[in-house]
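User: I should like to learn how to read confidence, surface patches and ring pairs in a structural model. Could we take these features in turn?

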Amino acid sequence: MSGRRDQHESEQRGRTEPTLGNLDQLDAPSRRGSLRDAPPRDDLPSMKAEPRNARESAQPRRKRRRWLVPILLLLVICAAGAMWLGRSYLSNSLLPRTELNDVLGRAQQALAAGHLDGQDGTSARELFQAAVALEPDNDIARDGLHQVGMAELSQADAALQAGQFDVAAQKAAVARELLGGGSDVDHLDQMIASKRASQVQVATLVDQAQQAFAAGQYGGDHGAGALYRQMLAADPGNAVARHGLDQVGDALAAQAQKAIDANDGPGADAAIEQLAALQPNNAALPGLRAARAQAGQQDSAALAADLQQGDDALRNGRIAGDGDDTALAHYKAALALDANNAQAQAGLGKVAQALTVQASAAMDAGDAAQAGKLLDNAAALAPKSADIAAARARLQGMQTQPSTAAKAPANEDQDVVPAAAPAPTPQQSAQIARLLLQAQAATQRGDIMMPPGNCAYDLYRSALAIDGNNAAAQQGLQALPGAVQQLFNRALAAGDLVRAGQMLDNLADVSPGDASQGTLRQRLASAWLDQADRQLAGGDRIGAMQALQQARKLAPDLPRTRDLAARLQSGS
């Protein structure tokens, strides 16, 4: 033997060799039923053998048996936990999920069919939400809800484009709830709010346009045509606006034809221009332009003849009176053909001036009655003429003077000298001085004819009403035409064409026969045409048309006026 000692032995002992004993007694029955209880019968000396380390091994064996029960109990607990976890894993991942799969399948079908939301439990939203309730962490169900949200967002945009704002808002709210907001949802909400605001504006414009159409107001900034165009700008697909614009076009075409039949050239031109601006491709435009061109040629010839005959009669002294061959008759005939003809209007002013000169001559001759009659005829043609106002003030001064014919001696060779008019009182003189100062201030402000009572024209006349012979008042009144021309030049240089037009109208009132008016009209017409060119280049056809109308009123025969009108009508 090697003599190695067991490493678990605590001390050295002699090795005890085992013996098999008497093998012949193996078949003998045991008396106690156990070999352990039978005494050895091997014919060897009896000896009691104890296992090695018997004392030392007895105590550890009892300790190992005491630890065996807790270990077994721990193993049982671990096995039970493993079985529970395994059951959960199998139920969640391995075992068939018939109910969840069925819900997800029906949800996908509802999504594909576009049945996104509802209240009967069959919509995609409801089914995906039911799947989330069965399994909160299921990725398929959560992704399905996101797809429903995106589909709702797409349908909301389609409803918005179709003008169904309430439907769009409802679907956008569902999309916001499912998607948790986002820039796309915010942008859609803003678009819905903007469209709703424009819808309110369009509804207001519809009412205004219908009222304007019923009142016959087809053109202009507040006319039915402009209002319907504003509606189309806010909502290009608005059927009401398109139908309304067609109605305005038909009304303007009928208006133009009626004006042509009545030989109303300016009215026909205005209607044709408005129609071309609103509907450049209107089918009635070619025929209207052809009819207007033919009528215009005839009117132009007749107008030129009347103007020439009026000027000839004025030079020959046939100013007014009975018959058709007077200057007054010919100028009125010209205005019947063209109510806005500047040359004919200036001719009436010249007639008024000539009558005023005759009235002054009558006053010089002491014939107040004839002077009054002539001034009345002149005032009917130029009621706000400064010269007429000054002459009438002079006539009133003559009529207030005491007659000296009865006091003078009956001597035909002695000249009768009229007595001087009574001098104004100090109070009247102070009042006249205040009126003159106010009139001068009004002239500097440009308040020539307006406001009534506080304009320069009325203030000077008020001073002359107190003292008809007041030289300062008469000079101030007669100096108004020159002041108006200066104000016109300032406004035109500043680009204030509206104010320049007002000054031109004032000049026509205070000095209707002024020869410089023709030049001033052409200058202002050119400025309006410049503005029309700029507006047309910028795409503002309505503004260009309105500026052209202003220029045409001032100088219809300018080549630029006809050229710009042709460009507008052709759409270039």
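Analyst: We begin with confidence, since this is a predicted model. Among the elements of the protein chain, helix α18 (residues 480-493) has the highest mean pLDDT, 92, and α1 the lowest, 60. Over residues 1-14 the pLDDT is below 50, and this stretch has nine contacts in the model beyond near neighbours in sequence.

User: Over residues 403-419, how many contacts does the model have beyond four places in sequence?

Analyst: Where pLDDT is low, predicted coordinates should not be read in detail. For residues 403-419, where pLDDT stays under 50, the model has seven contacts beyond four places in sequence. The protein chain as a whole averages a pLDDT of 77, with 78% of the residues scoring at least 70.

User: Which residues form a nonpolar patch on the surface?

Analyst: Leu68, Ile71, Leu72 and Leu75 form such a patch, and together they have about 380 Å² of accessible area. Leu75 belongs to helix α1, which spans residues 54-94. Its relative accessibility is 53%, so Leu75 counts as exposed.

User: Why is the pair of Phe213 and Tyr218 classed as tilted?

Analyst: The class depends on the angle between the ring planes: under 30 degrees is stacked, over 60 is edge-to-face, and the rest are tilted. The count here comes to one aromatic pair. The ring centres of Phe213 and Tyr218 are 5.5 Å apart and their planes lie at 55°, so the pair is tilted.

User: Are Phe213 and Tyr218 buried, partly exposed or exposed?

Analyst: Phe213 counts as partly exposed because its relative accessibility is 25%. Tyr218, at 16%, counts as buried.

Key:
Residues are numbered from 1 along each chain as its sequence is written. This is a predicted model: local features need pLDDT of at least 70, side-chain atom pairs count only at pLDDT 80 or more; totals for chains, interfaces and linings use all residues. Side-chain values use heavy atoms; hydrogens and water are left out. Patches are made of residues with over 30% relative accessible area and no salt bridge: like charges are joined within 9 Å, nonpolar side chains (Val, Leu, Ile, Met, Phe, Trp, Tyr) within 5 Å. Accessible areas come from the Shrake-Rupley method with a 1.4 Å probe; for residues, only the protein chains shown count as cover. A salt bridge is a side-chain nitrogen of Lys or Arg within 4 Å of a carboxyl oxygen of Asp or Glu. Helices (H or I, at least four residues) and strands (E, at least two) are DSSP runs, numbered from the N terminus. Buried means under 20% relative accessible area, exposed over 50%, partly exposed in between (1.4 Å probe, protein chains only). pLDDT is the predictor's confidence in each residue, from 0 to 100. Contact means heavy atoms within 4.5 Å. Rings of Phe, Tyr and Trp (its six-membered ring) pair if their centres lie within 6.5 Å; planes under 30 degrees apart count as stacked, over 60 as edge-to-face and the rest as tilted.
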